[in-house]
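Dear colleague,

I am passing on the structure below, together with an account of what turned up when it was examined. Please read the notes with the coordinates open beside them.

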Amino acid sequence: MVIPLLPVLLSFEGKKVAVFGCGSVGKRRAKKILKSGGTVDMYSKNFDDEIIKLKDNNKNLNLIKIDVSLLSDEELKNIIADYDFIVTAINEEINKRIVRLAKELNKFVNSSTKVEGVNFIIPAYTEVDEVIVSIYTKGKSPLIAKHIRIFVENYLKSNDINTISYIREFLKETIPKQKDREKILKKIFEDEKFREELKELIRKWENNG
């Protein structure tokens, strides 16, 4: 039976992450984890100029030169045991092996290829005005995920979230019932002319403040 995945937002601050492989997927996922405050040890036979430059500018990234395919299961398990999260992005054969070993050690593990047992996904996501939206197609279509991300970004940019946030906080102080506040916000959200006039008033107030 396949256990369904539950979407969550996670901070990697204080977490140790092993990334196996220095290809495009490994580098992309390592960058996202570093951005979230994690410490990343990357294991690979070779490192390109891009990742070396990133390491020079990020104290939380360590590069460990090693041929993972030459390691025994015991050697791999000894490495994996030291981490909170595992990302494997080499090839299907090695990915399957690392996922199996990581699961035996009850670790969160992610793979660049579709491997049974993966329990940790880093989906495509976007953030606009502190609103975070993630898209995961279960590997069926990264292209569709990209187009959804762009659509969501354009939608969020066309609707001033900060303005609605200002109004919501003001209504909390003046309208006691949540249902009444919701009705007012709905009317404001649907009235584009009112929103534009209100944004202009807020801009004037901020500039004069």
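Arg100 and Asp73 form a salt bridge in which the closest N and O atoms are 3.1 Å apart, and this pair links distant parts of the chain, since Arg100 belongs to helix 4 and Asp73 to helix 3, 27 residues apart. Please keep in mind throughout that this is a predicted model. Arg100 has a relative accessibility of 39% and therefore counts as partly exposed, and Asp73, with a relative accessible area of 30%, is partly exposed too.

Asp73 also meets the side chain of Arg97 in a salt bridge, with 2.7 Å from N to O. This contact again links distant parts of the chain, with Arg97 in helix 4 (residues 92–104) and Asp73 in helix 3 (residues 73–80), 24 residues apart. Is Arg97 buried or exposed? At 18% relative accessibility Arg97 counts as buried, because the cut-off for a buried residue is under 20%.

A salt bridge within helix 4 can be set beside these two. Glu92 forms a salt bridge with Lys96, the closest N and O atoms being 3.7 Å apart, and both residues lie in helix 4, separated by 4 residues, or about one turn of the helix. Glu92 has a relative accessible area of 42% and is partly exposed, while Lys96, with 45%, is likewise partly exposed. Salt bridges that share partners join Asp73, Lys77, Arg97, Arg100 and Glu104 into one network. The count of salt bridges comes to 9.

Turning to the strands, an open sheet is formed by 5 strands in the order 3-2-1-4-5, and the pairing is parallel. The edge strands are strand 3 (61–65) and strand 5 (108–111), each of which pairs on one side only. Neighbouring strands of this sheet are turned against each other by 15° on average, direction ignored. Within the sheet, strand 1 and strand 4 (residues 85–88) run parallel and are joined by 4 bridges, and Ala18 has Ile86 in strand 4 as its bridge partner.

An antiparallel pairing is found further along the chain, where strand 6 (residues 124–128) and strand 7 (residues 131–135) pair over 5 bridges. There, Thr126 has Val133 in strand 7 as its bridge partner. The hairpin of strand 6 and strand 7 has 2 residues between the strands, and Asp129 in this hairpin takes a positive phi near 50°.

Another positive phi occurs at Asn106, which has a value of about 60° although it is not a glycine. As a general background, most residues other than glycine have a negative phi. Asn106 is found in the loop between helix 4 and strand 5, and with a relative accessible area of 71% this residue is exposed.

The aromatic side chains deserve a look as well. A search of the whole structure finds 6 aromatic pairs. How are the rings of Tyr43 and Tyr83 placed with respect to each other? Their centres are 6.3 Å apart and their planes stand at 85°, so the pair is edge-to-face. This pair links distant parts of the chain, with Tyr43 in strand 2 (residues 39–44) and Tyr83 in the loop between helix 3 and strand 4, 40 residues apart. Both Tyr43 and Tyr83 are buried. Elsewhere in the list of aromatic residues, ring pairs link Phe12, Phe85, Phe108 and Phe120 into a cluster.

The last item concerns the surface. Leu6, Val8 and Leu10 make a nonpolar surface patch of about 340 Å². Leu6 lies in the segment before strand 1 (16–20), and at 70% relative accessibility this residue counts as exposed, because the cut-off for an exposed residue is over 50%.

With best regards

Note on methods:
Residues numbered from 1 in each chain as written. Predicted model: local features only at pLDDT ≥ 70, side-chain atom pairs only at ≥ 80, totals over all residues. Heavy atoms only, no water. Patch = residues over 30% accessible without salt bridge, like charges linked within 9 Å, V, L, I, M, F, W, Y side chains within 5 Å. Areas by Shrake-Rupley, 256 points an atom, 1.4 Å probe, with all protein chains shown as cover. Salt bridge = Lys/Arg side-chain N within 4 Å of Asp/Glu carboxyl O. Buried < 20%, exposed > 50% of the residue type's maximum accessible area, 1.4 Å probe, protein only. Pairing = 2+ DSSP bridges. Axes fitted to C-alpha atoms, helices over the stretch in contact; angles between N-to-C directions. Phe/Tyr/Trp six-rings, centres within 6.5 Å; stacked < 30°, edge-to-face > 60°.
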